[in-house]
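Open the model in your viewer and keep the selection tool at hand. The stops below say what to select and what is found there.

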Amino acid sequence: MCDDTARGRGDDYEAGSGSRSEDDEDPSRETIPKPPDDPHLSLDTLFEMLSKPRCRLTLAYLEDMSGKTVELDDIVAYVTEHETEEKRGDTDPEQHRQQVAATLHHQHLPRLSDAAILDYDPRSKSVRYWGNDRVAAYLERIRSDEEE
């Protein structure tokens, strides 16, 4: 289970860091400027995250949605669809979806949040990814290598 207090988030964790507001629904509203890339994101941390296929799929989805708040269920649907295409019927679809949701909720998203790559609020199950030039560059490189 995820302990927000242990990560210093306590009960007053709010957006700017992940919770969704009604303003997110208004397409006419100006986009909030993204914070600069974190210069403290180590290559070791970045490579550890990118070494996990499910984490890469998550970041690829979020890269396309950069600056928007997305729900865990949307990420789960994207990851499940891509993994299902690769495995073709190895597992029960609902069981696979539940396993993806649990892994993302308890493992990948909290780790990505701890690394300051994204903001994840486990209570509302919402994610905000501002984009990161280093992450985008490595994802692009990985995609081109996988296509060859």
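This is a predicted model. Begin with helix 1 and its buried residues, which pack against helix 2, helix 4 and helix 5. To see them, select Leu46, Met49 and Leu50, the buried residues of helix 1. Look along the axis: these residues cover an arc of only 95° around it, so they sit on the same side of helix 1.

Stay on helix 1 and add phenylalanine 47. With a relative accessible area of 41%, phenylalanine 47 is partly exposed, because buried would require under 20% and exposed over 50%.

Now turn to the aromatic rings. A pair of such rings is described by how far apart the centres are and by the angle of the planes. The count of aromatic pairs here is two. One is formed by phenylalanine 47 and tyrosine 138; the pair is edge-to-face, with 5.2 Å centre to centre and 85° between the planes. Phenylalanine 47 belongs to helix 1 and tyrosine 138 to helix 5, so select both helices to see how the pair links distant parts of the chain, 91 residues apart. Tyrosine 138 is partly exposed, at a relative accessible area of 29%.

Next select tyrosine 61 and tyrosine 78, which form a tilted aromatic pair, 4.9 Å centre to centre with 40° between the planes. This pair too links distant parts of the chain: tyrosine 61 is in helix 2 and tyrosine 78 in helix 3, 17 residues apart. Are these two rings buried or exposed? Tyrosine 61 is buried, with a relative accessible area of 13%, and tyrosine 78 is buried as well, at 19%.

Remain on helix 2, residues 53-64, and pick leucine 57. Leucine 57 has a relative accessible area of 14%, so it counts as buried, the limit being under 20%. Which residues does leucine 57 touch, not counting those up to four places away in sequence? Show Tyr78, Val79, His82 and Glu83. For a distance to display, choose the C-alpha atoms of leucine 57 and valine 79: they are separated by 6.0 Å, although the two residues are 22 apart along the chain.

Widen the selection to the largest nonpolar core, a set of 29 residues in which Leu59 and Ile117 touch the most other members. Helix 1 (43-50), helix 2, helix 3 (72-87), helix 4 (93-114) and helix 5 (133-147) each supply at least two residues of this core. Helix 2 gives the most, with six residues. Then centre the view on isoleucine 117: leaving aside neighbours within four places in sequence, its contacts are Leu41, Met49, Leu59, Leu112, Tyr129 and Val135.

The last stop is the sheet. Three strands form an open sheet in the order 1-3-2, with antiparallel pairing. Strand 1 (69-71) and strand 2 (119-121) are the edge strands, each pairing on one side only. On average, neighbouring strands of this sheet are turned by 20° against each other, direction ignored. Select strand 1 and strand 3 (residues 126-128) to view an antiparallel pairing over three bridges. Within it, valine 70 stands opposite valine 127 of strand 3. Finally, bring helix 4 back into view: helix 4 lies across strand 2 and strand 3, running at about 140° to strand 2.

Conventions: Residues numbered from 1 in each chain as written. Predicted model: local features only at pLDDT ≥ 70, side-chain atom pairs only at ≥ 80, totals over all residues. Heavy atoms only, no water. Helix = DSSP H or I, 4+ residues; strand = E, 2+ residues; numbered from the N terminus. Buried < 20%, exposed > 50% of the residue type's maximum accessible area, 1.4 Å probe, protein only. Contact = heavy atoms within 4.5 Å. Core = buried A, V, L, I, M, F, W, Y, C linked by side-chain atoms within 4.5 Å. Arc of directions from axis to C-beta. Phe/Tyr/Trp six-rings, centres within 6.5 Å; stacked < 30°, edge-to-face > 60°. Pairing = 2+ DSSP bridges. Axes fitted to C-alpha atoms, helices over the stretch in contact; angles between N-to-C directions.
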